[in-house]
Amino acid sequence: MAAAGVVSGKIIYEQEGVYIHSSCGKTNDQDSLISGILRVLEKDAEVIVDWRPLDDALDSSSILYARKDSS
């Protein structure tokens, strides 16, 4: 059984050490880089790109991303 919030499927590609740049306009905090794992998964004839932080204490649910609509 998969953990809550974890995307399941056949892993096509996996790369550790992928950083995202976080910047929050609401605070005066400096920008930061968050290290994570990038996975490309195949599930039910769909390709899913999934990024998770290496630090399990970080909440990745608030990280937004954009994707290109292939339709």
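The following paragraphs lead through a predicted model, from its sheet to its hairpin turn and its salt bridges.

The sheet is the natural place to begin. Three strands make up an open sheet, arranged in the order 1-2-3 with antiparallel pairing. Strand 1, covering residues 10–22, and strand 3, covering residues 46–53, are the edge strands, and each of them pairs on one side only. On average, neighbouring strands of this sheet are turned by 25° against each other when direction is ignored. As a general matter, strands of a sheet pair through backbone hydrogen bonds, in either a parallel or an antiparallel manner.

The pairing of strand 2 with strand 3 can be followed residue by residue. Strand 2 spans residues 32–43 and is joined to strand 3 by 8 bridges, with the two strands running antiparallel. Within this pairing, Leu 38 stands opposite Trp 51 of strand 3. Lys 43 likewise has a partner across the pairing, standing opposite Glu 46 in strand 3.

What lies between strand 2 and strand 3? The two strands form a hairpin with 2 residues between them. Asp 44 is found in the loop between these strands, and Ala 45 is found in that loop as well. The backbone of this loop deserves attention. Asp 44 has a phi near 50°, a positive value in a residue other than glycine. Ala 45 also has a positive phi, of about 65°, although it is not a glycine. Are these loop residues buried or exposed? Because exposure is assigned to values over 50%, Asp 44 counts as exposed at 68% relative accessibility, and Ala 45 counts as exposed at 78%.

The charged side chains come next. In general, side chains of opposite charge can pair when their charged atoms come close. How many salt bridges does a search of the whole structure find? The search finds 2. In one of them, the side chains of Arg 39 and Glu 14 meet at 2.5 Å, taken from N to O. Arg 39 belongs to strand 2 and Glu 14 to strand 1, so this pair ties together parts that are 25 residues apart in sequence. Both partners have intermediate accessibility: Arg 39 is partly exposed, with a relative accessible area of 22%, and Glu 14 is partly exposed, with a relative accessible area of 41%.

Another salt bridge involves strand 3. Here the side chains of Arg 52 and Asp 50 meet at 3.1 Å, again from N to O. Asp 50 is found in strand 3, and its side chain is also listed as making a polar contact with the side chain of Arg 52, at 3.1 Å. Which of these partners is buried, and which is partly exposed? The cut-off for burial is a relative accessible area under 20%. Asp 50 therefore counts as buried, since its relative accessible area is 8%. Arg 52, with a relative accessible area of 21%, is partly exposed.

Taken together, these features can be traced along the sheet. Strand 2 is linked to strand 1 through the salt bridge of Arg 39 with Glu 14, and strand 2 is joined to strand 3 by 8 bridges. The hairpin turn holds Asp 44, with its positive phi of about 50°, while strand 3 carries the buried residue Asp 50.

Conventions:
Residues are numbered from 1 along each chain as its sequence is written. This is a predicted model: local features need pLDDT of at least 70, side-chain atom pairs count only at pLDDT 80 or more; totals for chains, interfaces and linings use all residues. Side-chain values use heavy atoms; hydrogens and water are left out. Two strands pair if DSSP finds at least two bridges between them. Helices (H or I, at least four residues) and strands (E, at least two) are DSSP runs, numbered from the N terminus. Axes are lines fitted to C-alpha atoms, for helices over the stretch in contact, and angles run from 0 to 180 degrees between N-to-C directions. Buried means under 20% relative accessible area, exposed over 50%, partly exposed in between (1.4 Å probe, protein chains only). A polar contact is a pair of N or O atoms within 3.5 Å; within protein, one must be able to donate a hydrogen and the other to accept it, and residues adjacent in sequence count only if both atoms are side-chain atoms. A salt bridge is a side-chain nitrogen of Lys or Arg within 4 Å of a carboxyl oxygen of Asp or Glu.
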